[in-house]
Amino acid sequence: MKSRQAERTGPVRYGFLRRPGRAVLRELAELYRAAGWWDRKDTNARLRALVGGSHCFLTARRGGRLVGMGRAIGDGASDAYIQDVFVRPEWRGRGLGAQLVRRLARRLAADGLGWIGLVAVPGAEAFYERCGFRIAPGHKLMLFRGPRP
Ligand SMILES: CC(C)(COP(=O)(O)OP(=O)(O)OC[C@H]1O[C@@H](n2cnc3c(N)ncnc32)[C@H](O)[C@@H]1OP(=O)(O)O)[C@@H](O)C(=O)NCCC(=O)NCCS
């Protein structure tokens, strides 16, 4: 019997990228642009380094088309952060985002990375809670703005 998740997502194929070729890089760049996470200084070479430098990079395809992605960065031994989780707008609400996060978390746990964190953009907290994450009370995101003058 098909799982509820499979019924909701249909024939979506998930796979971890290792060394993407040019065609896949072009698709990925298009997805990063659609997400608004691509700026003028970004290049396909930079994207290749981003994929290669990630602990793992997961994609979701439907009918051969790239419809979602997510990745994790980490030290390979203990801690990891999930980021760049994105599902094309027309494919949202079908369980793909949750599948991406769950598959990333499962892969990280299997690789021995037991501490898994992420930064939720405003409005995404409930989504990540549905995926098993909890807000860490009192913790604040801090971004480096350069050394004090
Ligand atoms: C956030 C995002 C990845 C969710 O993808 P999705 O495929 O629509 O999510 P799913 O269909 O798997 O939703 C899983 C659950 O989370 C809930 N959910 C999804 N987005 C939500 C939101 N913005 N607010 C509250 N709940 C949400 C769904 O209702 C669903 O609940 P259920 O398990 O009770 O059915 C997608 O909206 C997206 O790409 N957003 C833009 C990029 C982004 O903000 N990424 C997060 C960066 S931190």
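This note comments on the ligand shell, the nonpolar core and one helix pair of a predicted model.

1. Ligand shell. The ligand is surrounded by 18 residues, of which Arg92, Gly97, Ala98, Ala126 and Phe127 come nearest. At least two residues of this shell are supplied by each of strand 4 (79–87), helix 4 (96–110) and helix 5 (125–130). Sorted by class, the shell comprises eleven nonpolar, four polar and three charged residues.

2. Nonpolar core. The largest nonpolar core holds 23 residues, and Leu100 and Leu104 touch the most other members. Two or more residues of this core come from each of helix 2 (22–35), strand 2 (56–62), strand 3 (65–74), strand 4 and helix 4. Helix 4 makes the greatest contribution, giving six residues to this core. Strand 4 and helix 4 thus appear both among the elements of this core and among those that supply the ligand shell.

3. Contacts of Leu100. When neighbours within four places in sequence are left aside, Leu100 is in contact with Leu58, Ala60, Gly68, Gly70 and Val85.

4. Packing of helices 2 and 3. Helix 2 and helix 3 (residues 44–53) pack with their axes 10 Å apart and at an angle of about 95°. The two helices, helix 2 and helix 3, are therefore roughly perpendicular to each other. On the helix 2 side, the residues that meet helix 3 are Leu25, Leu28 and Ala29; their counterparts in helix 3 are Asn44, Leu47 and Arg48. By class, this contact has four nonpolar, one polar and one charged residues.

Definitions and conventions
Residues are numbered from 1 along each chain as its sequence is written. This is a predicted model: local features need pLDDT of at least 70, side-chain atom pairs count only at pLDDT 80 or more; totals for chains, interfaces and linings use all residues. A residue is near a molecule or strand if its C-beta atom, placed from the backbone, lies within 6 Å of it. Helices (H or I, at least four residues) and strands (E, at least two) are DSSP runs, numbered from the N terminus. Ala, Val, Leu, Ile, Met, Phe, Trp, Tyr, Cys and Pro count as nonpolar, Asp, Glu, Lys and Arg as charged, and the others, Gly among them, as polar. A nonpolar core is a set of buried Ala, Val, Leu, Ile, Met, Phe, Trp, Tyr and Cys residues joined through C-beta atoms within 7 Å. A residue is buried if 20 or more other C-beta atoms lie within 10 Å of its own, exposed if 12 or fewer, and partly exposed in between; C-beta atoms are placed from the backbone. Two residues are in contact if their C-beta atoms, placed from the backbone, lie within 7 Å. Axes are lines fitted to C-alpha atoms, for helices over the stretch in contact, and angles run from 0 to 180 degrees between N-to-C directions. Angles under 35 degrees count as roughly parallel, over 145 as roughly antiparallel, 65 to 115 as roughly perpendicular and the rest as oblique.
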